[in-house]
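Please look through the sequence and the structure below, and keep both in view while reading the explanation that follows.

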Amino acid sequence: MGIFGKQDELQIIAFQTYGTDKHLYARGRALEDEEIDLVEKGWYGILRNTYKRFETDEIKNTTLKLTLADGRAVTGRTDNHGYYLLDASIANLAELTNSEGWLPYEMAYADAKLKRTIKHENRFPGEMLIPSKKADFGVISDIDDTILHTGVASFLKWKALYNTFFKNASIRLPLKGAAAFYHQLHRGVSGSNANPIFYVSNSPWNLYRYLEFFLTKNTFPKGPILLRSMAATLGNRKTEQPHKTHEIENILTTYPELRFVLIGDSGEHDADIYKAINERYPDRILAIYLRDVGHRKRMARIRKMFEGYHTPVSFVENSDQAITHAKKLGLI
């Protein structure tokens, strides 16, 4: 709801997802458009925009329609939080992709009873990645403190909170050289591959556009951004499989013919998750990169964990070290 009770226009935010030639998988969220300014400066404006990201006016239980470039369509409904998930078997999707493997589509509101103004003539673009046949391997990367200075390992995570709530995406700094390293991995040793990049984070979906803007502005290779619900972020999930583990396993099972490079940091649980994944899926992991975030006790534990390990593991302080290691392995 806008200022003075005025209704905001409706929008659909289509998250970048991934699927196969026969499996369409699209997700996103239907919301009122709060007109969030991703480049606004000044602490008050940034804090106001942050509030808008989390105080959302979602469009619940409404019908949406996805249309492919060849006219084929799929319908679905949003849930009580405005999220939608369209999961359907459709043949020959790869025929509609570009050279990088991206499948374009359009989302639209399809509920005739919805008497609201809808932005962009009710046409909202989306994309799903189907890895190109030019791919030799895939890359699964963490975001926080792996490619984006966040501070999740700081005392009580105060740096992470400050960076999220009081900095806009346009001034957030990537780790030096990270984008160049990821482009080299994306292009592979031939320089002409289209190796898929997947970005996995424990951040809530409310930060999707914020992180998408950051990756685009800092010229990282485009790839699905896999976040989690606010309820999962705030709730107690000790008895459930960790979000990152779940997402990584989904990627591995979706593309059984691909091997992967895992990239994370020493700040939280990446090392433990990546080792467990590697043990569960032997011969699927080409290399593991863990960036040192400056926590000596954690780094010492992680180094000991991987002593004499059978899969190449590189502990790096900067992207130049990662590039040197990847060249030795013949990845770039």
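In this predicted model, helix H6 covers residues 243-254, and because each residue should add 1.5 Å, its twelve residues are expected to span 16 Å, which agrees with the 17 Å that separates its end C-alpha atoms. Several residues of H6 are buried, namely His243, Lys244, Thr245, Glu247, Ile248, Glu249, Ile251 and Leu252. When reading such a list, it helps to remember that an α-helix has 3.6 residues a turn, so residues three or four places apart point the same way. The partners against which the buried residues of H6 pack are strand S2 (17-18), strand S9 (138-142), strand S10 (197-204), strand S11 (225-228), strand S12 (260-265) and helix H7 (270-280).

From this helix we can turn to the aromatic rings, of which the structure holds 14 pairs. One of these pairs is formed by Phe181 and Tyr289, which meet edge-to-face, with 5.7 Å from centre to centre and 75 degrees between the planes. Because Phe181 belongs to helix H3 (residues 178-187) while Tyr289 belongs to strand S13 (residues 285-291), the pair ties together parts that are 108 residues apart in sequence. Phe181 counts as buried because its relative accessibility is 3%, and Tyr289, with a relative accessible area of 1%, is buried too.

How are the rings of Tyr182 and Tyr199 arranged, stacked or edge-to-face? Their planes lie at 0 degrees and their centres are 6.4 Å apart, so this pair is stacked. Since Tyr182 lies in helix H3 and Tyr199 in strand S10, the pair ties together parts that are 17 residues apart in sequence. Tyr182 and Tyr199 are both buried. The four residues named in these two pairs belong, with Phe214 and Phe220, to one aromatic cluster, made up of Phe181, Tyr182, Tyr199, Phe214, Phe220 and Tyr289.

Rings can also lie beneath a charge: the charged end of Arg29 sits over the ring of Tyr83, 4.3 Å from its centre, and the charged end of Lys222 sits over the ring of Trp102, 4.7 Å from its centre.

Finally, we can step back to the whole chain, which contains nine helices and 14 strands. Of its 332 residues, 52% are buried, and among the contacts between residues at least 6 apart in sequence, 72% join residues at least 24 apart. The accessible surface of the chain comes to about 16,300 Å², and 53% of that surface belongs to carbon and sulfur atoms.

Definitions and conventions:
Residues numbered from 1 in each chain as written. Predicted model: local features only at pLDDT ≥ 70, side-chain atom pairs only at ≥ 80, totals over all residues. Heavy atoms only, no water. Helix = DSSP H or I, 4+ residues; strand = E, 2+ residues; numbered from the N terminus. Expected span 1.5 Å × (residues − 1). Buried < 20%, exposed > 50% of the residue type's maximum accessible area, 1.4 Å probe, protein only. Contact = heavy atoms within 4.5 Å. Phe/Tyr/Trp six-rings, centres within 6.5 Å; stacked < 30°, edge-to-face > 60°. Lys NZ or Arg CZ within 6 Å of the ring centre and 35° of its normal. Areas by Shrake-Rupley, 256 points an atom, 1.4 Å probe, with all protein chains shown as cover.
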